[in-house]
Amino acid sequence: MAPSPSNRTSDAIHAVSRVLAAALDAPGPDGVRQALVREARTLFAVGGAGLLTLPPGATFARVVAGAPPGGHHPDRIPYDAVPALKELLQRHLPHVRAGGKDSESLARAFGWSDQAGVVLLVPLRSRETTDHVLVLVDGPSRAFSSEEVDTAAAFAAAASAALAQLRLSDEQARRVAEQSALARAAKTLNVSLDLTETLDTICREAIAILDADIAAVYRGDGATGLTIEHATGLPPEYLGIQLAPGEGLSGQVAQAGRPILTNDYGAMVGPPAGSPFADVESCVAVPMRWDGALQGVLSVGFTRTRLVDRRDLAMLEAFGELAAVACRNATAASALATAARTDGLTGCLNHAAFQDGLRREVERADRAGTTLSVILFDLDDFKSINESFGHLVGDEVLRRVGHALAAVTRPYDLVARYGGDEFALVAVDADETAAEEIAGRALLRIAESLEDLGSVDDGHATAGVAQRDGAMTATSLLEQADRALLFGKQEARRGTVVCASELPDSFRPGRFRRETDPPRREPETPSLAGIEPRWKAGTSLVDSERLKKRARHLDLANQLGARLAAMTDPQAIADAAVEELNRAFGYFLCAVIRIRDDDYLESVAVSGDEFLAKGMQSWSQPRTAGVIGRCLRERRTLLVNDVHEEPGYRSAPETQEVRSELCTPLWVADELWGALDVEEVAPAAFDEDDARLLATVADQIGSAMRSALLYERLERAYLGTAEALATALEAKDSYTATHAQSIVHWADATGAALGLDEEGRRNLRYGAVFHDIGKIAIPERILNKPGPLDPHEWKLIETHTVVGEQILAPVDFLAGVLPTVRHEHECWDGSGYPDGLRGEAIPLGARIVLVCDAYHAMTSDRPYRRAMDADAARAELRAGAGTQFDPAVVDAFLAVLDSEAAGADDGAGAPAPPPS
């Protein structure tokens, strides 16, 4: 039997409180949803109550809770299968009553086939979006009355509040978890500069952050297609698989250059049977960019039911930016390690790398019992080439010889520039005969490569070959190859291949150390940690300094990335960046520059001891001025080695010593936010390595600032969701539908003026949002009554503050808000309700909200009167100060209004141009 109308409102309010309490006590969303349907079934005395969730953008619903619990639920209920549900959603109806096939389909979906008869569908809306539908099913004799429908609508609004409250709580926990996860990921990504380890870390962290099942990093772009570079959750045989341009979700992301998500991967992509992605249900993919170009795609997938949303997309996008920076650093480190092992002129290994590679091949040959040979090449009369044609021609000869040797060797052989005009080749798994053949092909290729150099007739080479026997060390093997080479050069066999086995025992060149010489130290394995000795052994002083400088660049990028990842304040991010740059390199000036809304540039963070000593802590200038202006116009990194030759450059007194300037754009997501600029007093102070560093740092700043902006948006969304909840509950009152949103700003500004701390202002903002939430218990006819209220109606109105406190009481994180909600209608002289508090005994938040509430009420149209003008409302507040209102709060509130009015009158003018 349905409850009587007289008890239904009271029962609904108690049911609302229990559902809201369940949001706190339940272990998760499923517990709250189950509590909701249990309360609904009891309240309306129906055979079955259930809840459907509506995935965004989908054409189907899912069963998420039912009372009584049914059997197996279908994964999806297409809207077309239930016309009543489709009509409810398409026409945005407040409810739908139906029977027949609609009732049978829904009862069957919940496992209540014996209950089919009549069904009532009521939407649960958050703002303008319907994300759940309450389903009430009963036998054919049941008819839902208008009062029951109204009660169901109120209950659905409260249910929306419970679910929104759960989302708020989850969002708060999720926000903290996201920031922690991003900070942990940033730290983890900077642990290693090995690219393979970095890619593995990216995949593992992406799975952990989004609780995913599969993660993959693709390399490539939208034009050439993608290759699976690394993956977690996929069999190893799928690594290296290539995707055609636009193929799969990742291919679409690469072509579009933007993130994409789907909750129906099969329908969107249509992976073939047997594909590693055939079981994927939901997927999120984001582009990875560095060095100004799309370099790949990061994708995560879910093989279980997991609805992804824009929050997941934003989270992966933020992580993807960190991952891109890590990949860039790892790639740069790999290039640095390669540079440390490579001869810059010929592209072959340098002397130190060759010695290390030969030693490792000797150890491998000992373990495997294989054969190893070494070939040494020497260019005949190379000195005469330099003397006759110049060093540029000599360098070209060396370059061509290096390329010729690389072209004729096998992928696993080692080719090196051994000395000035000497080259060496380690022939792996080759005996002397095979090595002699390789050397002969090499001499022919060298001769061919030098044919077009005109008068360079002496550009031939001689080769010496030695095969290792089981007793030879790496040094002994080289000695034998060198002995064969010298025999060829000294015995008039130039331009040929000489094998060590052919030499007479009497030949003693005396080129290697005597037996009394100290033993030669074998080189250590090249690494970033111990690379300096290698540079000194195998490169010029200029190359050595450059490589050490690049190592410092990488070190700075790693440290800065880890530091910025934990920051959520844009100003702190900018300060940290210039501080780290100044600490590492001591630039004359380093600045983070922001583009203002008036198209002027201003410095938001500046470092440089000498510059700051001149007393110029910040500056502004037109967006188009100088090197920075050209950098922003062309949207690329600019390196100017003499600013005096730069058109349009203007020097200020503080920067008149500057000669070199390096500037790179600073992007925050897709917005050109500003620039990163460094300046030096010496001409030609910067090079391309500095430009790459600055671009890397700008990427890190942009990524960190984007994360900070996301954090700020989450805070706003947190409050906005609360406002939406209050609006949903108050929607039956035409006045209060926008009321809560209107006074939050005023209350916050007034609280700040009165010295409230951040925690007090937070509680005040939520108090302003929820101060009228108890009006859910007030009949709509009273809230919107066009005439005066009678005493009984006033008594009902006055209960809303206590009801509001009761509704919010089970929510721990709103504990500090309860005094404001309960006492918002207390008066300064003690004449208010519900407790008759007076003066300072009334919580400050309640006093502030009362003043803001009163002013908004007076300046708004009501069913029983027209709105006052602003001056009359201000006069009423002043008249009530000391009786109804706290005088100090009235003064602070009116000062806030005056400040806002002055700001609106003044407008925003462009600042005066800088003195420079």
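The legends below describe several close-up views of a predicted model.

**View 1. The chain as a whole, in helices and strands.** This predicted model contains 29 helices and 23 strands in its chain. Of the 916 residues in the chain, 53% are buried. When contacts with a separation of 6 or more are considered, 63% of them are between residues that lie 24 or more positions apart in the chain.

**View 2. An open sheet of six strands, β9-β8-β7-β12-β11-β10.** Strands of a sheet pair through backbone hydrogen bonds, and this pairing is either parallel or antiparallel. In the sheet of this view, six strands follow one another in the order β9-β8-β7-β12-β11-β10, and their pairing is antiparallel. The edge strands are β9 (242–243) and β10 (260–262), each of which pairs on one side only. Strand β10 is joined by three bridges to strand β11 (residues 282–290), and the two run antiparallel; within this pair, Thr262 has Cys283 of β11 as its bridge partner.

**View 3. Strand β7 between its two neighbours.** Strand β7 (residues 214–221) is joined to strand β12 (residues 293–302) by six bridges, with the two strands running antiparallel. Seven bridges connect β7 to strand β8 (residues 225–232), again in an antiparallel arrangement, and β7 and β8 make up a hairpin that has three residues between its strands. Tyr218 is a useful residue to look for here, for its bridge partner in β12 is Val297, while in β8 the residue opposite Tyr218 is Ile228.

**View 4. Two helices packed on the six-stranded sheet.** Helix α6 (residues 195–210) lies across β7, β8, β11 and β12, and its direction is at about 75° to that of β8. Helix α7 (residues 248–256) also packs on the sheet, where it touches β7, β8, β10, β11 and β12, and its direction makes about 40° with that of β11.

**View 5. Cysteines without disulfides.** A disulfide is a covalent bond between the sulfur atoms of two cysteines. When the whole structure is searched, zero disulfides are found. Cys203 is in no disulfide, and the nearest cysteine sulfur, which belongs to Cys327, is 9.2 Å away. Because its relative accessibility is 0%, Cys203 counts as buried. For Cys663 the nearest cysteine sulfur is that of Cys631, at 3.6 Å, and Cys663 is likewise in no disulfide, since a disulfide requires the two sulfur atoms to be within 2.5 Å. Cys663 has a relative accessible area of 0% and is therefore buried.

**View 6. An open sheet of five strands, β14-β15-β13-β16-β17.** The five strands of this open sheet stand in the order β14-β15-β13-β16-β17, and their pairing is mixed. Strands β14 (414–417) and β17 (497–499) are at the edges, and because each has a single partner strand, one side of each is left without a neighbour in the sheet. On average, neighbouring strands of this sheet are turned by 20° against each other, with direction ignored. At one edge, β14 is joined by four bridges to strand β15 (residues 422–428), and these two run antiparallel; here Val415 stands opposite Leu425 of β15.

**View 7. Helices α10 and α14 on the five-stranded sheet, with a look at Glu361.** Helix α10 (residues 351–368) lies across β13 (372–379), β14 and β15, and runs at about 20° to β15. Helix α14 (residues 474–490) packs on the sheet as well, touching β13, β15, β16 (461–467) and β17, and its direction makes about 145° with that of β16. Glu361 is a residue of helix α10, and because its relative accessible area is 13%, Glu361 is buried. If neighbours within four places in sequence are left aside, Glu361 is in contact with Leu372, Leu414, Val426 and Val428.

**View 8. The crossing of helices α27 and α28.** Two packed helices are described by the angle between their axes and by the distance between the axes. The axes of helix α27 (residues 844–858) and helix α28 (residues 870–880) come within 9 Å of each other and cross at roughly 145°, and the crossing of α27 with α28 is right-handed. On the α27 side the contact is made by Val851, Ala854, Tyr855 and Met858, and on the α28 side by Ala870, Ala873, Arg874, Glu876 and Leu877. Seven of the residues in this contact are nonpolar and two are charged, with no polar ones.

Notes:
Residues numbered from 1 in each chain as written. Predicted model: local features only at pLDDT ≥ 70, side-chain atom pairs only at ≥ 80, totals over all residues. Heavy atoms only, no water. Pairing = 2+ DSSP bridges. Contact = heavy atoms within 4.5 Å. Axes fitted to C-alpha atoms, helices over the stretch in contact; angles between N-to-C directions. Buried < 20%, exposed > 50% of the residue type's maximum accessible area, 1.4 Å probe, protein only. Left-handed = near helix turned anticlockwise from the far one by under 90°. Nonpolar A, V, L, I, M, F, W, Y, C, P; charged D, E, K, R; others polar.
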